[in-house]
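Work through the exercises below with the sequence and the structure at hand. Try each task before reading its solution.

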Amino acid sequence: MGGRAVCSCLPDTLGDPHTGCRPECVLNSDCAPNQACVRQHCVDPCTLGNVCGLGAICSCRDHTASCVCHEGFTGDPFIQCIPIQPVVVVGTNTSLPCQPSPCDPHATCNVYSPTVAMCDPCGGPGAAYSPACYPECLTDSDCPFDRACLGHACRDPCPGSCGVNAQCAVWHHHPICACPHPLVGNPFEHCLPPAPDYHPPPCQLAQCGPNTDCHESHGMVTCVCRPGTFGNPYVGCRPECVLNSDCAAKQACINNRCMDPCVGACGVGSHCQAVNHVPVCYCPQDFTGDPFVSCYPFKPDYPIIGDMGHPGNPCDPSPCGP
């Protein structure tokens, strides 16, 4: 600018460009306690989508998201919370399945019907922060850098991520695929021996990451991601997604694109909501059936007592998940 060199930080980095720039965060400890370091930005993990199950409350403490059911609800807060049904007294029948409690002393007993009690080991105060009451991880930031959060567990993201003959390395929870020398090609599909007349740009081999293009001009080297790929071209570029954890919690990685997993997943008349990349199908209120096949209006063959259904049928309402 004006014949003088002007230094500036690259996009998404902070600091003094004359001494060094860095991302907003690298570790969770770089963020406030109610935030986590996600893709090098401090964010509330509860805002990433449907991190918790249907009807659950999400809160972040010490950089980790936790899920609990609302008061008066029960169930698995990582899948779905359902209302705790009131005790119904029919005539002289005063059955109280939680008195005495059949549950462990540290568990909460919830009455689900006049004859059914549900034991909730994670229903007491502070249960949301008990290691026994939440999975190993909810987001990638809960895992070491060389692991990704897959199915609520910290696992190696490389298996199955790269193409034939490609090599895989993990960088900040993400698999980076590359063709080993001297093979060339798309490492997310397959790597092949180069054609006899193939000559890779020297700067690409020296300074750019996998899946990038390199340009030299006046002794300066510029690396850019190839079309359709994203990332840091000096580390490696990849498609929009390789794993589900690359997408928001309400999306799934389908054909290397972050898409709504509910499309076409559920049956006729059912509802769908994506929870942690997985479609959860359920029948709407006053409907029954298999939500993966078809839901239809509920028409019981016996009289309903209050809101509890028939007291002799422990499956009405169902204590099961969707």
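The model is predicted, and the protein chain averages a pLDDT of 78, with 81% of the residues scoring at least 70.

**Exercise 1. Confidence**

Task: Find out how pLDDT behaves over residues 302-311, and decide how to read that part of the model.

Solution. Step one is the score: pLDDT stays under 50 over residues 302-311. Step two is the surroundings: for residues 302-311 the model has 24 contacts beyond four places in sequence. Step three is the reading: where pLDDT is low, the predicted coordinates should not be read in detail.

**Exercise 2. Unusual backbone**

Task: Determine whether the peptide bonds from glutamine 99 to proline 100 and from histidine 181 to proline 182 are cis or trans, and place each proline in the chain.

Solution. Start with the background: most peptide bonds are trans, and most residues other than glycine have a negative phi. Take the bond from glutamine 99 to proline 100: its omega is near -5 degrees, and the bond is cis. Proline 100 sits in the loop between β8 (80-83) and β9 (108-113). Next, the bond from histidine 181 to proline 182 has omega near 10 degrees and is cis. Proline 182 is in the loop between β14 (174-178) and β15 (184-186).

Task: Find the sign of phi at histidine 152 and at histidine 172.

Solution. Histidine 152 is not a glycine, yet its phi is positive, at about 65 degrees. Histidine 152 belongs to the loop between β11 (148-150) and β12 (153-155), and is partly exposed, with a relative accessible area of 24%. For histidine 172, phi is positive as well, near 50 degrees. Histidine 172 is in the loop between β13 (167-171) and β14.

**Exercise 3. Disulfides**

Task: How many disulfides does the model hold, if the sulfur atoms of a pair must be within 2.5 Å?

Solution. With this cut-off the count is 17.

Task: Describe the disulfide between cysteine 25 and cysteine 37.

Solution. First, the distance: the two sulfur atoms are 2.2 Å apart. Second, the handedness: the S-S torsion of cysteine 25 and cysteine 37 is about 95 degrees, so the disulfide is right-handed. Third, the location: cysteine 25 is in the loop between β2 (20-23) and β3 (36-38), while cysteine 37 is in strand β3, so the pair ties together parts that are twelve residues apart in sequence. Fourth, the exposure: cysteine 25 has a relative accessibility of 0% and counts as buried, and cysteine 37 is buried with a relative accessible area of 10%.

Task: Find the handedness of the disulfides between cysteine 162 and cysteine 177 and between cysteine 241 and cysteine 253.

Solution. The sulfur atoms of cysteine 162 and cysteine 177 are 1.9 Å apart. The torsion about their S-S bond is about -80 degrees, so this disulfide is left-handed. Cysteine 162 is in the loop between β12 and β13 and cysteine 177 is in strand β14, 15 residues apart, and the pair links distant parts of the chain. Both cysteine 162 and cysteine 177 are buried.

In the other pair, cysteine 241 and cysteine 253, the S to S distance is 2.2 Å. The torsion about the S-S bond of cysteine 241 and cysteine 253 is about 90 degrees, so the disulfide is right-handed. Here cysteine 241 is in the loop between β20 (236-238) and β21 (252-254), and cysteine 253 is in strand β21, twelve residues apart. Cysteine 241 and cysteine 253 are buried.

**Exercise 4. Cysteines without a bond**

Task: Why do cysteine 7 and cysteine 60 lack a bond to the closest cysteine sulfur?

Solution. For cysteine 7, the closest cysteine sulfur is in cysteine 21, and a bond is ruled out because the distance of 8.8 Å is too far. Cysteine 7 is partly exposed, with a relative accessible area of 41%. For cysteine 60, the closest cysteine sulfur is in cysteine 46, at 6.1 Å, also too far for a bond. Cysteine 60 is buried, with a relative accessible area of 16%.

**Exercise 5. A histidine and its contacts**

Task: Is histidine 173 buried or exposed, and which residues is histidine 173 in contact with?

Solution. Histidine 173 is in the loop between β13 and β14. Its relative accessibility is 9%, so histidine 173 counts as buried. Beyond its neighbours within four places in sequence, histidine 173 is in contact with residues including Asp140, Cys143, Phe145, Arg147 and Pro157.

Notes:
Residues numbered from 1 in each chain as written. Predicted model: local features only at pLDDT ≥ 70, side-chain atom pairs only at ≥ 80, totals over all residues. Heavy atoms only, no water. pLDDT = per-residue confidence, 0-100. Contact = heavy atoms within 4.5 Å. Helix = DSSP H or I, 4+ residues; strand = E, 2+ residues; numbered from the N terminus. Buried < 20%, exposed > 50% of the residue type's maximum accessible area, 1.4 Å probe, protein only. Disulfide = S-S within 2.5 Å.
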